[in-house]
Amino acid sequence: MSIEEVLQRHEAELMSLCNVTAVGVGEKAGKPVIKVFVSAKVPESSLRPGQRIPAVLEGCEVDIEEIGEITA
């Protein structure tokens, strides 16, 4: 399964998590990753169960990037 297909399967789930503002496919150290953009990084200890962003989805690495609030 391609990284795009993995992202498509998990996009709604990721977008429902705390502080997530966008998701996409990007690159880290020359390898494709699933990018999860958040308004602010939150310590994992303060998140409820089920609200943590996974480090890997179906074998694809997940990279979390803090981008702040998005406004028009």
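This briefing describes the strands, helix packing, nonpolar core, charged pairs and cysteines of one protein chain. The structure is a predicted model. Its 4 strands form an open sheet in the order β1-β2-β4-β3, with mixed pairing. Helix α1 packs on that sheet, and α1 also gives the largest share of the largest nonpolar core, 4 residues. The count of salt bridges comes to 5, while the count of disulfides comes to 0.

**The sheet**

- The order of the strands is β1-β2-β4-β3, and the sheet is open. Its edge strands are β1 and β3, each of which pairs on one side only.
- Strand β1 covers residues 20–28 and strand β2 covers residues 31–38. These two strands pair in the antiparallel sense over 8 bridges.
- One bridge between these strands joins V25 to its partner I34 in β2.
- The hairpin of β1 and β2 has 2 residues between the strands. In this hairpin, A29 takes a positive phi near 55 degrees.
- Strand β3 covers residues 56–57. The pairing of β3 with β4 is antiparallel and runs over 2 bridges.
- On the β4 side, E61 stands opposite V56.

**The helix on the sheet**

- Helix α1 touches β1, β2, β3 and β4 as it packs on the sheet.
- The direction of α1 makes about 155 degrees with that of β1.

**The nonpolar core**

- In soluble globular proteins, nonpolar side chains tend to be buried together.
- The largest nonpolar core here has 14 residues. Those with the most contacts inside this core are L14, V20, I34, V36 and I53.
- Two or more residues of this core come from each of α1 (3–15), β1, β2 and β4 (60–66). The largest share, 4 residues, comes from α1.
- Leaving aside residues up to four places away in sequence, V20 touches L14, M15, V36, F37, V38 and I53.
- I34 has two roles in this description: I34 is the bridge partner of V25, and I34 is among the core residues with the most contacts.

**Charged pairs**

- Side chains of opposite charge can pair when their charged atoms come close.
- E61 forms a salt bridge with K28, and the closest N and O atoms of this pair are 3.8 Å apart. The two residues are 33 residues apart in the chain, with E61 in strand β4 and K28 in strand β1.
- E61 counts as partly exposed because its relative accessible area is 35%, which lies between the limits of 20% and 50%. K28 is also partly exposed, with a relative accessible area of 39%.
- D63 forms a salt bridge with K35, with the closest N and O atoms 2.6 Å apart. This pair links strand β4, which holds D63, to strand β2, which holds K35, across 28 residues.
- D63 and K35 are both buried.
- E65 also forms a salt bridge with K35, and here the closest N and O atoms are 2.8 Å apart. E65 lies in strand β4 and K35 in strand β2, 30 residues apart.
- E65 is partly exposed, with a relative accessible area of 31%. K35 counts as buried because its relative accessibility is 10%, under the 20% limit.
- Salt bridges that share partners join K28, K35, E61, D63 and E65 into one network.

**The cysteines**

- A disulfide is a covalent bond between the sulfur atoms of two cysteines.
- The count of disulfides in this model comes to 0.
- C18 is partly exposed, at 35% relative accessibility. C60 is buried because its relative accessible area of 13% is under 20%.

**The loop residue N19**

- N19 lies in the loop between α1 and β1.
- The relative accessibility of N19 is 25%, so N19 counts as partly exposed.
- N19 touches F37, V38, S39, A40 and V42, not counting residues up to four places away in sequence.
- N19 and I67 are 48 residues apart along the chain, and their C-alpha atoms are separated by 10 Å.
- F37 and V38 appear among the contacts of N19 and also among those of V20.

Key. Residues are numbered from 1 along each chain as its sequence is written. This is a predicted model: local features need pLDDT of at least 70, side-chain atom pairs count only at pLDDT 80 or more; totals for chains, interfaces and linings use all residues. Side-chain values use heavy atoms; hydrogens and water are left out. Two strands pair if DSSP finds at least two bridges between them. A nonpolar core is a set of buried Ala, Val, Leu, Ile, Met, Phe, Trp, Tyr and Cys residues joined through side-chain atoms within 4.5 Å. Buried means under 20% relative accessible area, exposed over 50%, partly exposed in between (1.4 Å probe, protein chains only). Contact means heavy atoms within 4.5 Å. Axes are lines fitted to C-alpha atoms, for helices over the stretch in contact, and angles run from 0 to 180 degrees between N-to-C directions. A disulfide is a pair of cysteine sulfur atoms within 2.5 Å. A salt bridge is a side-chain nitrogen of Lys or Arg within 4 Å of a carboxyl oxygen of Asp or Glu.
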